[in-house]
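Please look over the sequence and the structure below before reading on. The points that follow take up confidence, the sheet, a parallel unit and the contact between chains.

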Amino acid sequence: MQFFATQLLNGLTAGVVYAMLAVGYSLVYGILQQINFAHGYVYMFGTFVTASLITSGSPLWLAIAAGLVAGAVIAIVIERFAYRPVRGNRLAPTVTAVGVGLIIENVAQLIWTSRIRPMPFPFQADIIRLGPVVLSPLQILVAAVGLAMAALLWVISTKTDLGRAMRAVKDDLATAELMGVPVDRVVVTVYVLGALFGVVGGILYGAYYNTLSVTMGFSGTLNAFTATVIGGIGSVWGAFAGGLFLGVLQAMVTGYVSSALLNTVTFTLLIAFLLFRPTGIAGVQVASRP
Amino acid sequence: MMSIVSKAALRRAIPAIASFAVASIVLPGLCGTSAFAADTDAVHIASTAPLTGSAAAYGIETMNGVHLAVEEINAAGGIGGKPIKLSEYDDQCDPTPAATAANQIISDKAVVAVVGNVCSSATLAQMPIFGRVGMPVLAATTSSPALSAKGFENFARIIPNDDIQGVASLDLGTKVLGYKRIAVLYPSDDYGQALLAIAKRAATASGAELVAAETYITGSTNDFSSVLANIAAANPDALFLAGYYADMGAAVSQSVRAFGDKHIALLANAQTQVPEYVSLAGAAAEGTWVTNVYDINNPSEQNKAFVAAYTKKFNAEPGVQAAAGYDNIYVLKQAIEENKGSTENLMPVIRATKHEGAMGTISFDKNGDNIGGSLVVLRLTGGKWVFDDESTKKLNAH
């Protein structure tokens with residue numbers, strides 16, 4: 001029981017991090033039917049800004065704010081120069097996204113080198129005992145941030161004009177434009193929102209696992225992308241569900257089956273979902289445009 | 001006309017080459033600038049090591065050792081009067097770029113030998129390519145037994161292989177420190193699989209039990225919480241860290257939460273004895289035991305000279321990677337000198353070479369494995385790797 005609880009907590013913690021990153025994919029896909037392959041690199045860059053500021057002694061709040069700003073600024077620049085000129089084309093944004101991603105990774109390598117670095121954060125070595133279960137204050141922080149971000153997303157998408165505009169653009173971009181929705185501004189906001197969730201996820205990741213590398217832009221988001229597909233790409237609630245599901249599943253496979261089978265199970269599941277339930281847990285139907 | 005002749009053919013036909021060389025001197029107008037023109041003014045050596053990626057720290061340190069040796073040798077007049085010319089390639093510790101690097105190296109006809117290899121997976125991918133032209137490979141710290149077991153005729157390496165090293169790490173835990181329940185954390189690649197097999201064998205042989213064996217994917221696993229929970233649940237006395245420094249650093253840093261106040265001793269192999277492991281793992285790394293094939297405190301003349309020169313040049317203490325890179329070049333120099341200055345048919349001469357280097361005695365068996373070195377035991381104490389004389393003596397006595 002204690003072992004089960006420990007693995008469940010491990011899985012949920014990883015799941016929240018996956019969910020934060022998955023939201024970035026799903027937001028963009030839900031509205032533009034485009035897989036934002038640069039997302040992983042944006043989250044990596046923002047996280048590195050935060051980590052390097054923490055290492056150089058900046059106050060924590062300033063480091064986090066700077067990371068979020070960096071992520072948002074890069075998202076705006078990418079949208080303006082790599083995505084907007086090719087919007088509407090199904091293939092071109094994928095190519096420009098990969099190109100932009102490589103540029104970001106190389107710039108990050110020039111600034112921070114390719115060495116793997118720790119990310120100092122409060123409470124990293126602390127533990128809390130709840131009966132037989134050992135808990136980290138950081139796990140509580142991860143859960144709290146995850147809940148807060150989900151609430152924020154709910155408020156934005158249901159209670160604000162922006163949310164309504166996002167739904168309008170999702171339903172039909174051209175008609176929304178005709179109705180006076182500022183499509184360009186809505187699209188850029190969607191990218192920025194995705195990037196902010198990504199950087200939040202990256203900071204939680206760095207704080208909890210205490211290890212960062214510039215290559216995590218690609219490898220680190222493989223799981224998040226799988227979570228997106230499992231959850232139902234295009235649905236932000238699916239992204240949360242997929243993230244938590246995948247995190248817990250991986251912890252349970254490691255705990256009760258074998259760590260050697262982790263990727264086999266993960267990617268078999270991905271293939272199974274793609275074959276038998278491509279709409280994911282959320283069962284999202286995204287109308288395809290001709 | 002000569003450039004279309006493959007290197008393998010050239011090596012097999014030395015007499016023909018000799019007459020060609022004579023011809024090229026006698027009839028320079030016919031041959032133009034031949035590939036051999038470069039050979040006559042320098043000894044061309046290529047290096048392949050990870051200069052970027054997750055194992056970059058190993059590769060860069062190895063290359064520091066290589067650079068130091070090349071500089072010293074060139075300042076002292078080179079090898080038989082010819083300076084060493086080094087071309088560097090980045091294999092990223094990844095078989096795909098490693099194969100690309102190997103193909104680039106063999107297309108450079110001036111190269112006489114390859115040095116610097118750090119990663120076993122990368123080198124395994126390269127050996128068949130180098131084998132095509134009979135290119136001698138004198139690896140630095142690749143340690144997978146698979147490399148020598150495959151019987152490549154063009155292969156030798158500076159450090160004792162994982163069989164010897166892995167058995168020593170386990171023996172330190174079981175025979176010297178008396179631990180009975182051992183857990184292993186290993187990467188899923190060739191290197192990790194080999195170490196796991198060795199750990200199983202060595203644990204059984206010394207009467208201990210392997211209570212947990214957990215794996216991860218190097219370069220993509222950063223969350224070790226679940227595997228660490230498994231290890232904690234198995235109640236081991238000691239955990240054998242059979243992976244790369246960055247992964248082991250992250251895992252040990254996260255072990256504080258997973259292990260709680262359980263005391264589990266950490267046994268590590270040579271890969272972990274780098275400053276990055278200590279900075280990544282933080283306070284949790286304190287007390288880590290390492291068995292290695294090199295120690296900076298080795299009192300031999302060769303090592304003292306190497307440490308002094310290295311510290312002066314790089315303002316940092318050399319580790320096993322640097323020492324292996326350094327000895328790499330000197331073994332090659334000695335072999336070429338023993339081959340009367342010729343760089344033809346070099347591998348048999350390299351394997352017959354006995355060299356007293358910074359690492360200790362280097363000599364090779366019929367598969368190119370170094371069987372001359374002895375092992376040292378160190379312990380991370382106050383954030384520094386401290387030579388443990390008593391354990392070293394006990395380990396070498398077993």
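1. Over which residues from 13 on does the pLDDT of chain B stay under 50, and how many contacts beyond four places in sequence does the model have for them? The stretch is residues 13-38 of chain B, and the model has 16 such contacts for it. This is a predicted model, and the placement of these residues should be read with that pLDDT in mind.

2. Residues 1-11 of chain B also have a pLDDT below 50. In the model this stretch has 19 contacts beyond near neighbours in sequence.

3. For chain B as a whole, the mean pLDDT is 87, and 89% of the residues reach 70 or more. Among the elements of the chain, helix α3 (residues 28-31) of chain B has the lowest mean pLDDT, at 39. The highest, 97, belongs to strand β6 (residues 181-187) of chain B. The scores for the model are ipTM 0.88 and pTM 0.75.

4. Strand β6 of chain B is part of an open sheet of seven strands. Their order is β7-β6-β8-β9-β10-β13-β14 (chain B), and the pairing is mixed. At the edges are β7 (209-216) and β14 (384-387) of chain B, each of which pairs on one side only. From one strand to the next the twist averages 25°.

5. Within this sheet, strands β9 (residues 265-268) and β10 (residues 289-292) of chain B run parallel and are joined by two bridges. Leu267(B) has Trp289(B), in β10(B), as its bridge partner.

6. Helix α17 (residues 389-397) of chain B lies across three strands, namely β10, β13 (376-381) and β14 of chain B. The helix runs at about 150° to β13(B).

7. Strands β1 (residues 43-49) and β2 (residues 84-90) of chain B also run parallel, with seven bridges between them. One residue pair to look at is Ala46(B) and its bridge partner Ser87(B) in β2(B). Together with α5(B), the two strands make a right-handed β-α-β unit.

8. Which elements of chain B give two or more residues to the side that touches chain A? They are α5 (56-75), β7, α11 (225-233), α12 (245-259) and α13 (275-281) of chain B. Helix α5(B) thus appears both here and in the β-α-β unit, while β7 of chain B is also an edge strand of the sheet.

9. The contact takes 32 residues from chain B and 27 residues from chain A. On the chain B side they divide into 12 nonpolar, 16 polar and four charged.

How values were computed. Residues are numbered from 1 along each chain as its sequence is written. Chains are lettered from A and ligands numbered from 1 in the order in which they are written. This is a predicted model: local features need pLDDT of at least 70, side-chain atom pairs count only at pLDDT 80 or more; totals for chains, interfaces and linings use all residues. pLDDT is the predictor's confidence in each residue, from 0 to 100. Helices (H or I, at least four residues) and strands (E, at least two) are DSSP runs, numbered from the N terminus. Two residues are in contact if their C-beta atoms, placed from the backbone, lie within 7 Å. Two strands pair if DSSP finds at least two bridges between them. Axes are lines fitted to C-alpha atoms, for helices over the stretch in contact, and angles run from 0 to 180 degrees between N-to-C directions. Ala, Val, Leu, Ile, Met, Phe, Trp, Tyr, Cys and Pro count as nonpolar, Asp, Glu, Lys and Arg as charged, and the others, Gly among them, as polar. A crossover is right-handed if, with the strands pointing away from the viewer, the path from the first strand over the helix to the second runs clockwise.
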